[in-house]
Amino acid sequence: MISYPTRRGLAIPTCEVDLPPTHLNWENPNHLNNHHLEFSRRMFSHSMMLQTLRDLEFMQEMLPMDIHNMGKHNLHTIYGPPALPTPRQVMDRITDAWDTDERLHISNGRTYEYKPITHALYKQLKREYWQAK
Amino acid sequence: MTEKHTNDPNKKREGPRLSFEFEGTRFELRPDNSHVYLHEEDRYDHIFFKHEADWYRMFRAQMANFDSIAEFMEINGYPVHVQDAPMQQDFEAYHKAYGWDPLPELEPITPRREKQIQFGMYILDHVQSVEDLWA
């Protein structure tokens, strides 16, 4: 299994990688589910910076289930987790998100909800970045 | 339909609130009576809230989970003020509660340095403008 490709430390969008064709309907929301470009969950839960990067709105995509995680030949069986980005790369991405008012897309049990990146959170992330550096 | 699920527009919707108890008194933090102040220097971060007629400050050092509370308050529409440095009253309130920083240690004054200081004092006392230097 090869690791998921990255660009400047961050996982690239799924449209840029080779995936099998889907047999499901893209227009039916019941056939899609949420994919985090930065996987796996366990790898990205070690620090608040990594978790925030994973939760960013544009670091997630809706994919047909058969391409994403159902069946034998899907994204998670073809590709292993991407390499972890450096603290600088993570903080640069988060700062971009902060500057452009990008939101966090967070699972709330069964559904997802959007939350803003608050001043308090951004301050914590900066503190963690300086400690990691 | 229970009261919880009524959608009556005349009924005033209760906003988010936080509360805590201190020495038998219950303090309630609502968006209309509390503000969050965040500063460049973490130790001055505080929540400024009103109880009855008085305003109180609760600094970061008094709460283990200040960041989570501040985040909750920001998401739920409490006023948040982000400042580079604390205001004079906040600065004094913090240092009255937690003590003033010790003064930096100065190097001992040598005889040579003493002469330089005397010369500087003389200049300050006798020279009013640049022209006086040439008089």
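Which elements of chain A do the buried residues of α1(A) pack against? Let's work up to that. Keep in mind as you look around that this is a predicted model.

Start with the overall layout of chain A. You can pick out 5 helices and 8 strands in chain A. Walk along from the N terminus and the elements come in the order β-β-β-β-α-β-α-α-β-α-β-β-α. The radius of gyration of chain A is 15 Å, and the globule rule gives 14 Å for 133 residues; the two values are close, so chain A is as compact as a globular protein of that length. If you'd like a feel for its dimensions, the C-alpha trace spans about 45 × 30 × 25 Å along its principal axes.

What about inside and outside? In chain A, 43% of the 133 residues count as buried. The chain exposes about 7,800 Å², and 53% of that comes from carbon and sulfur atoms. Charges are part of the picture too: chain A carries 15 positive and 15 negative side chains, with the centres of the two sets 8 Å apart. Now look at who touches whom. Take the contacts in chain A between residues at least 6 apart in sequence, and 71% of them join residues at least 24 apart.

Now back to the opening question. Helix α1 of chain A covers residues 48-55, and 6 of its 8 residues are buried, so it is mostly covered. The buried ones are Met49(A), Leu50(A), Thr52(A), Leu53(A), Arg54(A) and Asp55(A). And here is what they pack against: β3 (10-11), β4 (32-36), β5 (60-64), α4 (87-99), β7 (104-108) and α5 (119-132), all in chain A.

Next, try following single residues. Ser3(A) sits in strand β1, residues 2-3 of chain A. Is Ser3(A) buried, exposed or partly exposed? Its relative accessible area is 44%, and since partly exposed means between 20% and 50%, Ser3(A) falls in that class. Ser3(A) also shows how the sequence can mislead you about distance: His76(A) is 73 residues away in sequence, yet the two C-alpha atoms are 10.0 Å apart in space. Setting aside neighbours within four places in sequence, Ser3(A) makes contact with Tyr79(A), Gly80(A) and Pro81(A).

Thr118(A) gives you another case. Find it in the loop between β8 (111-115) and α5 of chain A. Being in a loop doesn't leave Thr118(A) uncovered here: at 1% relative accessibility, Thr118(A) counts as buried. Which residues is Thr118(A) in contact with, leaving aside its neighbours within four places in sequence? They are Trp98(A), plus Glu71(B), Glu74(B) and Ile75(B) from chain B.

That brings us to the aromatic rings. Over all chains, the structure holds 17 aromatic pairs. One of them is Tyr44(B) with Phe91(B): the ring centres are 5.7 Å apart and the planes make an angle of 40°, which makes the pair tilted. This pair links distant parts of the chain, as Tyr44(B) is in the loop between β3 (34-39) and β4 (46-51) of chain B, while Phe91(B) is in helix α2 (residues 88-98), 47 residues apart. Tyr44(B) is buried at 4% relative accessibility, whereas Phe91(B), at 28%, is partly exposed. Another pair is Phe49(B) and Tyr56(B): their centres are 5.7 Å apart and their planes are at 25°, so this pair is stacked. Phe49(B) is buried, with a relative accessible area of 3%, and Tyr56(B) is partly exposed at 33%. Ring pairs also join Tyr44(B), Phe59(B), Phe91(B), Tyr94(B), Tyr98(B) and Trp100(B) into a cluster.

Finally, check out a few backbone details in chain A. Phe39(A) and Ser40(A) are joined by a cis peptide bond, with omega about 10°. Ser40(A) is in the loop between β4 and α1. Then there's Arg8(A), which is not a glycine but has a positive phi of about 50°. Arg8(A) lies in the loop between β2 (6-7) and β3, and is exposed at a relative accessible area of 71%. Asp101(A), not a glycine either, has a positive phi of about 60°. Look for Asp101(A) in the loop between α4 and β7, where it counts as exposed at 66% relative accessibility.

Notes:
Residues numbered from 1 in each chain as written. Chains lettered and ligands numbered in written order. Predicted model: local features only at pLDDT ≥ 70, side-chain atom pairs only at ≥ 80, totals over all residues. Heavy atoms only, no water. Helix = DSSP H or I, 4+ residues; strand = E, 2+ residues; numbered from the N terminus. Rg over C-alpha atoms; globule rule 2.2 N^0.38 Å. Buried < 20%, exposed > 50% of the residue type's maximum accessible area, 1.4 Å probe, protein only. Contact = heavy atoms within 4.5 Å. Areas by Shrake-Rupley, 256 points an atom, 1.4 Å probe, with all protein chains shown as cover. Lys, Arg positive; Asp, Glu negative; His and termini not counted. Charge placed at Lys NZ, Arg CZ, Asp CG, Glu CD. Phe/Tyr/Trp six-rings, centres within 6.5 Å; stacked < 30°, edge-to-face > 60°.
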